[in-house]
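Here's a quick tour of one fold, from the middle of a sheet out to a helix and a loop. Have the coordinates open and follow along.

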Amino acid sequence: MRIQLSVLASIILLFLCGATATLRAADAPPTIDVWPGPAPDQTRPEKPEKFDQSKIIKIGEVFKPTLTIYHAPKDKDSGTSIVICPGGGYSILAWDLEGTEVAQWLNSIGVTGIILKYRVPEHLTQIEHFPPLEDAQRAMSLARSKAKELDIDPNRIGMIGFSAGGNLTALACTNYDHRSYEAIDAVDQVSCRPNFGVLVYPAWLVDDKTFELKPEFKVTAQTPPMFFVHAADDKITAAGDAVLYLALKHAGVSSELHIYAKGGHGFGLRPTANPCSHWPERCEAWFRAQGLLTAADQRSAAP
C-alpha cells in the first residue's frame, strides 16, 4: 500500500511539474530573430552568450540579435509600440534594469515593449556602433513589417535607449534614409525610421573637446521628435542632450529636454530620492501630448 501511495505521489508530482513548465512556457514573451540567417558584418568567431545576475542582469557576447515582445494589456492597448535598447557601453546589455523593467512600465501605460538584443561586443575590429545600428535598423523594419501580426500601429513605433542604447537610438533616429547594410529581403523594403525617440542618459553624442554634435547624427526637419532625460552630475555629459535638442529645435522638430541636478548614471526606472526618478511620469505626459496613448477604440473612430 505504501508503495502504491509513493508511486501515486510521484505521478502527481511529475504532473504538477509538467503543468508548471507548460505554464511558464506559455507565459514567456515571444521572441523573434532579427536576421533570417547570420547577422551581417560579423567579424569574430561566435561564442556562447554570457549572463551575470549580480546586481542587475547583464548579457554579453551577443551574436544573434532578437526581439522580445511584451504586449500591452488588451484593456489598455493604445497600439503604440517602442523598441527598447538597453545600455551597457556596447559591451554588455543591462537586460532587466534597462530592458524588461522598461517593458513592464510601457505595458502599464498601454504601450507594447519590444526589447532589442543587439550585438555586443563588436568594437574590437569595427567602430563601436556599426553592427548595433544594423540591428536597430533591421529591428524597426521587422517590427513595422509585422505590425498586423503583432497588433501594433505601424505609424506609432518608437525607440527608447539608455546610455549606449541612447546613443544607438539617436543613431537610428538620424540615420534612417539609408541602411548600414545591403538589403536582403522584403523586410528591408519597409521603413526603418522610428516615429519618435526617447533618450535616457545617452552617451557619446558630442565631441569631448568642442562639445559639437558628432557628424554621424544628421538632423533634418524629417528627424523624428525626441524626449531627453539626463542628470547634470552624470559622468557622461548631459551637454550631448542639450546640443542635440537645440539641433532639433533649429530644424523645427518638436522635442522635450529634462536635465536633473542629481541622479548620476544608470538609474533606469528604479526609484531613488532624486527628482530624476520621476522622469517616467514626464515621459508619459509627453506621450499623451503627442497623441501616442489614445485608446485603440478612439483611434478607430477618429476621422
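Let's start with a pair of residues: S81 stands opposite I157 in β8. Bear in mind that this is a predicted model. S81 belongs to a strand, β5, with both faces covered: S81, V83 and C85 are buried on one side, and I82 and I84 are buried on the other. That fits a general pattern: in a regular strand the side chains alternate between the two faces of the sheet. In all, 5 of the 5 residues of β5 are buried.

Who sits beside whom? Here are some of the pairings, each with one facing pair of residues.

| Strands | Sense | Bridges | Facing pair |
|---|---|---|---|
| β5 and β8 | parallel | 5 bridges | S81 and I157 |
| β5 and β7 | parallel | 4 bridges | I82 and G113 |
| β1 and β4 | antiparallel | 3 bridges | I32 and L67 |

Zooming out, these strands are part of an open sheet of 8 strands with mixed pairing, in the order β1-β4-β7-β5-β8-β9-β10-β11. β1 (31-33) and β11 stand at the edges with a single partner strand each, so one side of each has no neighbour in the sheet. On average, neighbouring strands of this sheet are turned by 15 degrees against each other, direction ignored.

Now for the helices. α5 (residues 164-174) lies across β5, β8, β9 and β10, and runs at about 145 degrees to β8.

Then there's α7, where W279, P280, C283, W286 and F287 are buried. Their arc around the axis is only 115 degrees, which puts them on the same side of α7. The spacing makes sense, because an α-helix has 3.6 residues a turn, so residues three or four places apart point the same way. Among the elements covering those buried residues of α7 are β5 (81-85), α2 (96-108) and β11. On the face turned away from the buried side, α7 carries the exposed residues R288 and A289. After α7 comes G291, with a positive phi near 75 degrees.

Last stop: which loop holds L269? L269 is found between β11 (256-260) and α7 (279-289). Leaving aside neighbours within four places in sequence, L269 is in contact with E101, V102, W105, F162, W279 and P280. Of these contacts, P280 is 11 residues from L269 in sequence, and the two are 7.2 Å apart in space, C-alpha to C-alpha. W279 and P280 bring us back to the buried residues of α7.

Terms used: Residues numbered from 1 in each chain as written. Predicted model: local features only at pLDDT ≥ 70, side-chain atom pairs only at ≥ 80, totals over all residues. Heavy atoms only, no water. Helix = DSSP H or I, 4+ residues; strand = E, 2+ residues; numbered from the N terminus. Contact = heavy atoms within 4.5 Å. Buried < 20%, exposed > 50% of the residue type's maximum accessible area, 1.4 Å probe, protein only. Arc of directions from axis to C-beta. Pairing = 2+ DSSP bridges. Axes fitted to C-alpha atoms, helices over the stretch in contact; angles between N-to-C directions.
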